[in-house]
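Welcome! Take a moment to look over the sequence and the 3D view, then follow along as we walk through a few parts of the fold.

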Amino acid sequence: MTSRIPRDSRLRLVRPRPLAAAPRAMTQRPARRPAPRPPEGTPAPAELARMARAVLAGAARVAHWADATLGPAPGPRRDRDGTASDSGSAQNGGSGGKGTLSDAIAQQAATSLSLTPDQVRADWDIARLAGLIEVHGDTARPGWRLRAWNRDDSAVLRGWVAFFDAWSIAHPGPDGHEPSTVAEVVSAMPQVLSFLQLSAGPVPVPQLLDLLEQRVTELRTERCEIPYGPQPEPMETPAEDIPLAPFLDWALHALAAVGALTCADGQATLTPLGSWAVWVKLEQICVAAQSPAGNIEQGAEDMLRGCAQLRPNAARAEYRAWLAARPVGSAVTELLAAARGEDALSRGLAFEALRVVGAPAEPDVRAVADETPLRPYALLWLAEHDGHDPEDAHLVLTREEATWLWVDTAAAVADHGEAPLLVRHLESAVQPTVPALLAEVRAVGHPRTVQVLVALAAAHPDPALAKAVRRAAFQVHTGEH
């Protein structure tokens, strides 16, 4: 007796949908929160954008020069090490690091723009921090903000906020000091900036120093690092004994250099641009705290679990809220740690959250591309980040990587989805026949292969196909070939 459905029937090739896109009731829509208004006296967006363009004028000038001079549209040609090249073969000149200018190109730009090479390099670095220049692996090219620079005020403001967020990178901390102290000061400065914003006027620097010292002490208490076992005699000044006044001086001057505040006569004052940016970030945190799903205080893994039942747009809103309450670097680290866990659904959702992070996550995502469980997700993320159409991004995967991803997604469906969804997932396999799929699934060596095949066999309505899948599961379990 045979089934009416052939055992090696062709599978329809369809692009798998995100798990969060499964149909759900459309009636449960959270009430929209009224758009908040900035504090009275805040300049209009057009005026804020004019200020931002003034701060970033040098960076935009160098970026436009590179776009026009170094290569045809859609952007300059770059070397494999990320340096700009007018001939396709210019070298980095030993300066090191992807996206840095070679000596020859820096000199060429300096001559054209009546600047010094050092000024060109400084403006180029600012352009990268503001997203006017984007470095994608081995290639540097104009960012979308540069394309929209003269017509889109929101793009300009986003670029300046990205530069503002990177103030400690644009102006590194004092030399010769413990990096942990610099990190503590950077972590404490948002509270100092919030105080400045709420004060709405000049604040004496000694008052800001008191606030900084209090916040740094709180951070150290929260961390509560107690050494275990016998400790050697301390050779360096304990962190709590290091004066913070030089660090505050550095931070204020760095923030002044990015256009966020002014510092004169022993007082600091936020600029209109800086006051607006701090207000925006405080508002983001308030929105996050009132988010319908309430995930702001959760760790990455619990947050992702909480987003699993949300529709895609609602999930993205939760990711944004969660990210708004954390430094980008630590948030990306948390998300990748969650992706390394055993829950395949959390792995997929972690990379959805990393899509919301965008460009700042690229170095970390690229670094995990060699980890087998994360590789397919990382390659898809990088392909989309590099401009591939999301519908075609899967073409960057090898057959083995696509099969691994298929099994991992099936594991997520088996753990969190419904049987019909698992059966539909069968149609998304790249293999043309069920026997070919089973052979390659067995060969790929995913640790959840047996559970996935057993769940698929239990869910599939065709007895003959279910029997073949159960046999494959048994063979994987017993190590048969």
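Which residue in the hairpin of β4 and β5 takes a positive phi? Aspartate 265 does, with a phi near 55°, and the hairpin has two residues between its strands. Keep in mind as you read that this is a predicted model.

Let's begin with the whole protein. Its secondary structure comes to 22 helices and five strands. There are 481 residues, and 43% of them count as buried. The accessible surface is about 25300 Å², with 55% of that belonging to carbon and sulfur atoms.

Now back to the strands. Strand β5 covers residues 267-270, and the table shows how β3 and β4 pair with it.

| Strand | Residues | Pairing with β5 | Bridges | One bridge partner in β5 |
|---|---|---|---|---|
| β3 | 203-204 | antiparallel | two | Ala268, for Val203 |
| β4 | 261-264 | antiparallel | four | Gln267, for Ala264 |

The side chains of β5 alternate along the strand. Ala268 and Leu270 point to one face and are buried, whereas Gln267 and Thr269 point to the other face and are not buried. So Ala268, the bridge partner of Val203, is on the buried face, while Gln267, the bridge partner of Ala264, is on the other.Finally, let's visit a helix. Threonine 449 belongs to helix α21, which spans residues 449-459. Is threonine 449 buried or exposed? Threonine 449 is buried, because its relative accessible area is 3% and the cut-off for buried is under 20%. Leaving aside neighbours within four places in sequence, threonine 449 is in contact with Val407, Val441 and Val476.

Technical notes:
Residues are numbered from 1 along each chain as its sequence is written. This is a predicted model: local features need pLDDT of at least 70, side-chain atom pairs count only at pLDDT 80 or more; totals for chains, interfaces and linings use all residues. Side-chain values use heavy atoms; hydrogens and water are left out. Buried means under 20% relative accessible area, exposed over 50%, partly exposed in between (1.4 Å probe, protein chains only). Accessible areas come from the Shrake-Rupley method with a 1.4 Å probe; for residues, only the protein chains shown count as cover. Contact means heavy atoms within 4.5 Å. Two strands pair if DSSP finds at least two bridges between them.
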